[in-house]
Amino acid sequence: MKVFKNAVVYVEGEGLKKCSVCFDEKIEKISRCAIKEAEVIELPEDAVVLPGFVDQHIHGAGGSDGMDGTVKDISIIANTVASEGTTSFLVTTMTQSPENITKALQAVNEYKNAAPQEGARVLGVHLEGPFIAAAHKGAQPLEYVKAPDIKAFDEYNAASGNSIKIVTLAPEVEGAEEFIRHLSEQNIVPSIGHTGAKYANIAKAVELGACNVTHTYNAQTALHHREIGTVGSAMLIDELNCELIADTIHVSVPAMRLLAKNKPADKLTLITDAMRAKGLPDGVSELGGQTVYVKNGEARLEDGTLAGSVLRMNRAVQNLVEKVGVPFEKAVDCATINPAKNLKLDDQIGSIKVGKNADFTVLNGNYDVIMTIRDGKIIYQA
């Protein structure tokens with residue numbers, strides 16, 4: 001048994017409070033802990049204990065990418081993101097050849113079956129493409145964009161060991177409606193993204209089960225007063241959970257404020273959408289076979305197209321508080337309980353509550369990560 005003794009802790013339903021938290025793999029007691037038998041984890045005075053961060057959209061970090069298709073590369077990502085307080089994540093694929101996608105999914109299946117104790121936990125897969133709109137491909141290779149295909153998807157899901165949790169798709173493309181229905185029936189999140197969808201397309205998609213918007217604002221139709229498009233629909237329809245890359249590069253601060261102001265508190269989710277260059281010095285990198293240039297925190301293709309981010313989740317939370325003006329606890333929710341609810345895993349992760357996984361992020365007053373704990377084990381310590 002371990003214990004945070006008289007620490008400032010963000011407890012579910014109670015907010016920030018000074019208390020003790022006893023835990024093994026699960027959270028055993030809060031406030032009234034049998035401290036005598038427990039190993040006390042010493043923390044600095046300015047430390048705050050938060051739930052472990054959940055990143056539902058991340059491609060890579062530490063020089064590795066989920067599309068590299070090896071257990072070793074997934075392990076590198078898992079250990080790298082632990083340093084930013086992330087305890088759970090979805091390995092995110094991209095539009096590529098069926099062979100490359102399948103290889104990546106098989107690696108996730110192998111990694112999950114091995115159940116390594118080091119690094120952040122792999123919850124499954126976010127399949128970002130190939131079922132997207134060619135005109136809104138962003139940094140995804142055009143040659144592999146494909147119309148929604150249930151048979152192809154089922155083969156991908158089988159390769160992953162049925163680990164696909166989110167699928168990004170364009171709802172206006174022919175075959176999308178049947179595809180959304182198919183995903184919903186399997187409790188997989190249909191996510192609207194890389195799309196030219198109009199309000200009518202999105203309203204229909206939501207009716208069929210779509211419930212998420214992939215990196216809101218990016219690679220989708222903008223808000224216009226005669227057609228509110230994907231961005232306007234994302235703000236208008238409360239059922240839609242909106243992903244946000246809060247790096248101030250992909251989305252401006254006023255645009256982040258607008259989204260935060262218009263979404264229910266539990267329907268805004270921070271993501272990093274990070275690529276392999278995260279955690280490395282500036283220089284030349286790669287995404288889906290395309291050369292990426294990383295400079296001053298920006299990752300772009302040669303033509304200037306943004307190619308994912310190098311954002312750390314603790315800094316995303318900091319930006320939401322300090323630049324957008326979201327209250328601290330609500331900002332933390334955007335990186336913890338909101339994605340957990342979106343993935344229907346909030347009974348296990350996303351908040352500090354007795355019975356849940358002992359997943360913690362410990363920050364100091366500068367939002368630096370002091371310690372990351374997953375299943376009661378320290379997976380990162382500064």
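Which residues does valine 167 touch, if we do not count those up to four places away in sequence? In this model, which is a predicted one, the contacts of valine 167 are Leu127, Phe131, Phe153, Phe179, Leu183, Ile188, Val189, Pro190 and Ser191. I begin with valine 167 since Val167 and Leu270 are the residues with the most contacts inside the largest nonpolar core, a set of 86 residues. The element that gives the most to this core is helix H2, residues 98-114, with 6 residues. Apart from it there is another core, of 19 residues, and among its members are Phe4, Phe23, Ile352 and Ile373.

Let me turn to helix H4, residues 176-185, since Phe179 and Leu183, two of the residues that valine 167 touches, are among the buried residues of H4, together with Ala176, Ile180 and His182. These buried residues cover an arc of only 160° around the axis, and they therefore lie on the same side of H4. On the other side of H4 we find Glu178 and Glu185, both exposed. As for what the buried residues of H4 pack against, the partners are helix H3 (150-159), strand S11 (164-169), strand S12 (189-192) and helix H5 (199-208). After H4 comes asparagine 187, whose phi is positive, near 60°.

The pairing of H4 with H3 deserves a closer description. Two packed helices are described by the angle between their axes and by the distance between the axes. For H3 and H4 the angle is about 30°, and the axes are 10 Å apart. Because angles under 35 degrees count as roughly parallel, H3 and H4 are described as roughly parallel to each other. The crossing in which H3 passes H4 is right-handed. On the H3 side the residues involved are Ile150, Phe153 and Asp154, and these meet Glu178, Phe179, His182 and Leu183 in H4. Phe153, then, meets H4 and is also one of the residues touched by valine 167.

In the loop between strand S10 (121-128) and H3 sits proline 130, and the peptide bond that leads to proline 130 from glycine 129 is cis, with omega near 15°.

Now to helix H7, residues 253-262. Which residues of H7 are buried? They are Val253, Ala255, Met256 and Leu259, and here too the arc around the axis is only 160°, so that they are on the same side of H7. Pro254 and Lys261, on the other side of H7, are exposed. The buried residues of H7 pack against helix H6 (229-236), against S14 and against strand S15 (268-271).

The loop between strand S14 (241-245) and H7 holds threonine 248, which has a positive phi, near 65°, in a residue other than glycine. With a relative accessible area of 30%, threonine 248 is partly exposed.

I close with asparagine 296, in the loop between strand S17 (290-295) and strand S18 (298-301), where phi is again positive, about 55°, although the residue is not a glycine. Is asparagine 296 buried or exposed? Its relative accessibility is 64%, and because exposed means over 50%, asparagine 296 counts as exposed.

Methods
Residues numbered from 1 in each chain as written. Predicted model: local features only at pLDDT ≥ 70, side-chain atom pairs only at ≥ 80, totals over all residues. Heavy atoms only, no water. Buried < 20%, exposed > 50% of the residue type's maximum accessible area, 1.4 Å probe, protein only. Helix = DSSP H or I, 4+ residues; strand = E, 2+ residues; numbered from the N terminus. Arc of directions from axis to C-beta. Contact = heavy atoms within 4.5 Å. Core = buried A, V, L, I, M, F, W, Y, C linked by side-chain atoms within 4.5 Å. Axes fitted to C-alpha atoms, helices over the stretch in contact; angles between N-to-C directions. Parallel < 35°, antiparallel > 145°, perpendicular 65-115°, else oblique. Left-handed = near helix turned anticlockwise from the far one by under 90°.
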